[in-house]
Amino acid sequence: MFNFDILNKQSGSRARTGIIYSSDRNVQTPELAIVATDAQLRSLPNDVLHELPSQYFIVNTYHTYTKQIIPKIEEQGGIHTYMGLKDRIIATDSGGFQVFSLGFGQKHNIGKIARERIDKKLFENKDQENPIQIAEEGVRFNFNGKELMLNPEISMDLQHKIGADIMMAFDECTSPLNSYEYTKNSMERTHRWLDRSIAAHRGFEEKQNLFGIVQGGEYQDLREESARVVGSKDVPGFAIGGSFGDFQEALGTTVGWVTSILPPEKPRHLLGIGKIRDIFAAVEQGVDLFDCVIPTREARHRMLYTKKGRLYLRKLKHLDESIDAHCKCEGCREGVTMRQLWEWFLAYDLRASTYTTLHNIQFYADLMREIRESIEMGKFDSLRNEYQTYY
RNA sequence: CCAGGGGUGGCGGAGUGGCCAAUCGCAUUAGACUGUAAAUCUAACGGGGCAACCCUACGGGGGUUCGAAUCCCUCCCCCUGGA
């Protein structure tokens, strides 16, 4: 059973709150998924995951597959048991992001969001310079010297074995370096792969929910075409992937091209986006779900999220006080000081990143809750302004 | 007192006549991080100048040499054995 109820809409924008039901689980939206790439969180043991304030998690098909975790998940009867998260909504990514991140992204050392304006001429004709072979049939990875194939059918099969609530269609995430031509061809292939994903998912519709993925990069006509094509498919929800242009400000605009076309009654998951400004911009455009490595990765990199902005622990390491007196995370409640956290970091004591990870997860859970409440109260814009002072 | 080993930048530790203001690691400082190749990466790290370059530096002092962290003498200090 899968259902999405929209509860509130913010007038003057596409922002909305809702609840997604999947079996006996649910998630209030907007919500951001914490990324558990290989079915566990970095720096946190699985037996504490159920204590986290987040309602939504995402696991990666490529990494659980290559690390041979999927048989263990199956042994335990599925991902919810494996992670000790029986009452949380879990999604799986298809491996489509790795087609980019382990290929073109790695080769050219670029993320899916460009940090500065890119001179595409420098990358002309480099679309084919990719250590990963992408063809109509599927994608060949090189894993430990061996060839590893991923395609819609294989990805669906693996995701069925993992058993998450939400599954992603197999796609290719394109980069801001790719040309219009490449992005268009890739998008069209992703659309064909969506049909194959849907076909391979037949018979599993009652157990798991397959989301189609909109691509099209930074190009308006491609984004709109993709939204029309993907939006017309009989799937319970949609994801929006790929790159969003040269500069951060473009994200809201690009997402808006898509959400204005997608069927409004179905949930939208914006893949891999989690900067706070971007979350506000995307929620305004009607995005319901997010996932991002920022809270957990930056915690390990000693960056702490607070209402007063991102605080770099290095600059506060001499303080004998907790990160945020008002925070409900374990470390802040216990009064773990920033001096202590720094000492643990220096000593490679895992407690350091455990506490900072818990803290940032708490921050993002609170942020998303505040966003929901602000939409309910019609105060989304003022909350956004509040956060934009520091973010 | 004898024998041997050693004293290098905040710390550890290379270097053993010129390419040495001195490899590297740690710490420090400044950035980055968006469907996790990431507890990671990039950069700075004696002082001064935009720069070519200049000044002060390898325990202290003296010497050899065109040139010394590197060789010699001497003093101080540390470690290990022996009396």
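The exercises below, each with a worked solution, concern a predicted model of protein chain A with RNA strand B.

**Exercise 1. Judge the confidence of the model before reading details from it.**

Begin with the chain itself: chain A averages a pLDDT of 95, and 98% of its residues score at least 70. Then turn to the scores for the model, which are an ipTM of 0.92 and a pTM of 0.94.

**Exercise 2. Work out how the strands of the barrel are arranged, and examine one pair of strands within the barrel.**

Start from the order of the strands, which is β4-β5-β6-β10-β11-β12-β13-β14; these 8 strands form a closed barrel with parallel pairing. On average, and with direction ignored, neighbouring strands of this sheet are turned by 30 degrees against each other. For a single pair, take strand β12, residues 237–240, and strand β13, residues 268–270, which pair in the parallel sense over 3 bridges. Within this pair, Phe238 stands opposite Arg268 of β13. In general, the strands of a sheet pair through backbone hydrogen bonds, and the pairing can be either parallel or antiparallel.

**Exercise 3. Find the antiparallel pairings outside the barrel and locate the turns of the hairpins.**

Take the N-terminal strands as the opening case: strand β1, residues 2–9, runs antiparallel to β2 and is joined to β2 by 7 bridges, with Asp5 standing opposite Ile19 of β2. The two strands form a hairpin with 6 residues between them, and Gly12 in that turn has a positive phi of about 85 degrees.

Continue with strand β2, residues 16–22, and strand β3, residues 25–29, which run antiparallel and are joined by 5 bridges; here Ile20 stands opposite Val27 of β3. This hairpin has 2 residues between β2 and β3, and Ser23 in the turn has a positive phi of about 55 degrees.

Finally, consider the open sheet of 3 strands in the order β7-β8-β9, where the pairing is antiparallel. Its edge strands, β7 (133–134) and β9 (146–150), each pair on one side only. Between β7 and strand β8, residues 139–143, there are 2 bridges, and the bridge partner of Ile134 in β8 is Val139.

**Exercise 4. Identify unusual backbone geometry in the loops that flank β4.**

Recall that most residues other than glycine have a negative phi, and that most peptide bonds are trans. Against this background, the bond joining Thr29 and Pro30 is a cis peptide bond, with omega about 0 degrees, and Pro30 lies in the loop between β3 and β4 (31–35). The next case is Ala39, a residue other than glycine whose phi is positive, near 70 degrees; Ala39 is found in the loop between β4 and β5.

**Exercise 5. Describe how helix α6 and helix α7 pack, and decide whether they are parallel or perpendicular.**

Two packed helices are described by the angle between their axes and the distance between the axes. The axes of helix α6, residues 180–201, and helix α7, residues 220–231, come within 11 Å and cross at roughly 5 degrees. Angles under 35 degrees count as roughly parallel, and α6 and α7 are therefore roughly parallel to each other. On the α6 side the contact is made by Thr183, Lys184, Met187, His191 and Leu194, and on the α7 side by Leu222, Ser226, Val229 and Val230. By class, this contact has 5 nonpolar, 3 polar and 1 charged residues.

**Exercise 6. Characterise the protein surface near RNA strand B by residue, by element and by class.**

First, consider individual residues: of the 47 residues around RNA strand B, those that come nearest are Cys173, Gly241, Gly272, Val293 and Arg300. Second, consider the elements that supply at least two residues each, which are β5 (56–60), α4 (96–107), β14 (289–292), α10 (294–300) and α11 (313–316). Of the contributing elements, α4 gives the most, with 7 residues. Third, sort the surface by class, which yields 18 nonpolar, 16 polar and 13 charged residues.

Note on methods. Residues numbered from 1 in each chain as written. Chains lettered and ligands numbered in written order. Predicted model: local features only at pLDDT ≥ 70, side-chain atom pairs only at ≥ 80, totals over all residues. Near = placed C-beta within 6 Å. Helix = DSSP H or I, 4+ residues; strand = E, 2+ residues; numbered from the N terminus. Nonpolar A, V, L, I, M, F, W, Y, C, P; charged D, E, K, R; others polar. Pairing = 2+ DSSP bridges. Axes fitted to C-alpha atoms, helices over the stretch in contact; angles between N-to-C directions. Parallel < 35°, antiparallel > 145°, perpendicular 65-115°, else oblique. Contact = placed C-beta atoms within 7 Å. pLDDT = per-residue confidence, 0-100.
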